[in-house]
Amino acid sequence: MNWINEAWRRLSREPAVLVTVVATKGSVPRGPGTWMVVFAQGELGTIGGGHLEFQALAHARLILSGQPVQNHLSQVLGPSLGQCCGGAVDLSFEPVSAADLPRLRAQWVPQRSPLALFGGGHVGKALVQTLASLPFAVRWIDSRDEIFPADVPDGVDCEHSNPVQAAVADLAPGSRVLIMSFSHAEDLDIVIACLKRQREQGDLPFVGLIGSQTKWATFRHRLEDRGFSADEIAHITCPIGVPGITGKEPEVIAVAVAAQLLQSL
């Protein structure tokens, strides 16, 4: 959202051309609906980079300068463009100004999937920063009200919940859940609440728990003792993060977990 907010701010002061990918065929850098805003100096967003974008920028600035050029371009991404994707892209060029802001605000707000992040520790803080530019609406939950920083990114809502697992009941349907509280006891309570909701409603597509294989083995036995079936327990992902990332730094874990969440969309 940061660069979108910057586009809104600049557009309130100066005219621009909105370049939109209208249609595509074959292999292309970005899909239909992708857009960028081109100003006389600088641009925000991207339609995929390379020579395609270079030509789009030049064409947009011809429009800004008042040149009588067409407002649609079709490009084949072959050797002549230095992009051997093999596909084709249709672009539209629309002059826009401050008067168009109400319409563009509604058009540009990205669709975000609900995500509940339980835990405000070091990994939680790193994850919030990593997820801020990704298509997730983050509900950040902790039993410690003082844990949240003052500068929370856009798209993140902080919530104090005590007991922390009580927040599971009113998560938005379709929420992905990440569990990384300050204690294993809280983690287990949240996992149990998620499994109970999943049993009743089946609307939590991903539930991830931070921890080692040893931690998960202990949790699995405790969940079995509480009457959860093997199939129900298998809905929990632990450890979390895409395979092959071995670093333990919070920022490294955050990138691995964010990648896994994107795979789940």
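**Close-up views of the predicted model**

**View A. Proline 163 lies in the loop between strand S8 (156-160) and strand S9 (176-179).** Strands (E, at least two residues) and helices (H or I, at least four residues) are DSSP runs, numbered from the N terminus. The peptide bond that leads from asparagine 162 into proline 163 is cis, its omega being near 10°. Residues are numbered from 1 along each chain as its sequence is written, and side-chain values use heavy atoms, with hydrogens and water left out. The model is predicted: local features need pLDDT of at least 70 and side-chain atom pairs count only at pLDDT 80 or more, whereas totals for chains, interfaces and linings use all residues.

**View B. A second cis peptide bond joins cysteine 238 to proline 239, with omega near -5°.** Proline 239 is placed in the loop between strand S11 (236-237) and helix H8 (250-264). Proline 239 is also among the residues nearest the centre of the largest pocket, together with Gly211, Ile240, Ile245 and Lys248. A pocket is defined on a 1 Å grid over the protein atoms alone, as an open set of points where a 1.4 Å probe fits, with protein on both sides within 12 Å along at least five of seven lines. Lining residues have an atom within 4 Å of a point, and here they number 17. The largest pocket holds about 380 Å³ of space, a volume being the space filled by probe spheres set on points joined across faces, edges and corners. Its lining comprises 9 nonpolar, 7 polar and 1 charged residues (Ala, Val, Leu, Ile, Met, Phe, Trp, Tyr, Cys and Pro count as nonpolar, Asp, Glu, Lys and Arg as charged, and the others, Gly among them, as polar).

**View C. Cysteine 194 and cysteine 238 are shown in a structure that holds 0 disulfides.** A disulfide is a pair of cysteine sulfur atoms within 2.5 Å. Cysteine 194 takes part in none, and the cysteine sulfur nearest to its own, that of cysteine 238, is 13 Å away. Cysteine 238 is likewise in no disulfide, its nearest cysteine sulfur being that of cysteine 194. Cysteine 194 counts as buried because its relative accessibility is 0%, and cysteine 238 because its value is 10%; buried means under 20% relative accessible area (1.4 Å probe, protein chains only).

**View D. Strand S1 (residues 16-25) pairs with strand S5 (residues 88-96) in the antiparallel sense over 9 bridges.** Two strands pair if DSSP finds at least two bridges between them. Within S5, phenylalanine 93 is the bridge partner of valine 19, and proline 95 is that of valine 17. Valine 17 also stands opposite valine 38 in S2. Strand S2 (residues 35-38) runs antiparallel to S1, the two being joined by 4 bridges. S5 is further joined by 5 bridges to strand S4 (residues 72-76), again antiparallel, and histidine 72 stands opposite serine 92 of S5.

**View E. The second largest pocket encloses about 320 Å³ of space.** Of its 17 lining residues, Trp3, Ile4, Arg30, Trp35 and Pro110 lie nearest the centre. Helix H1 (2-11) and helix H3 (101-108) each contribute at least two residues to this lining, which divides into 9 nonpolar, 6 polar and 2 charged residues.

**View F. The largest nonpolar core contains 26 residues, of which Phe118, Val177 and Leu223 touch the most other members.** Such a core is a set of buried Ala, Val, Leu, Ile, Met, Phe, Trp, Tyr and Cys residues joined through side-chain atoms within 4.5 Å. At least two residues each come from strand S6 (113-118), S9, helix H5 (184-200), strand S10 (206-209) and helix H6 (213-225). H5 supplies the largest share, 7 residues.

Notes
Buried < 20%, exposed > 50% of the residue type's maximum accessible area, 1.4 Å probe, protein only.
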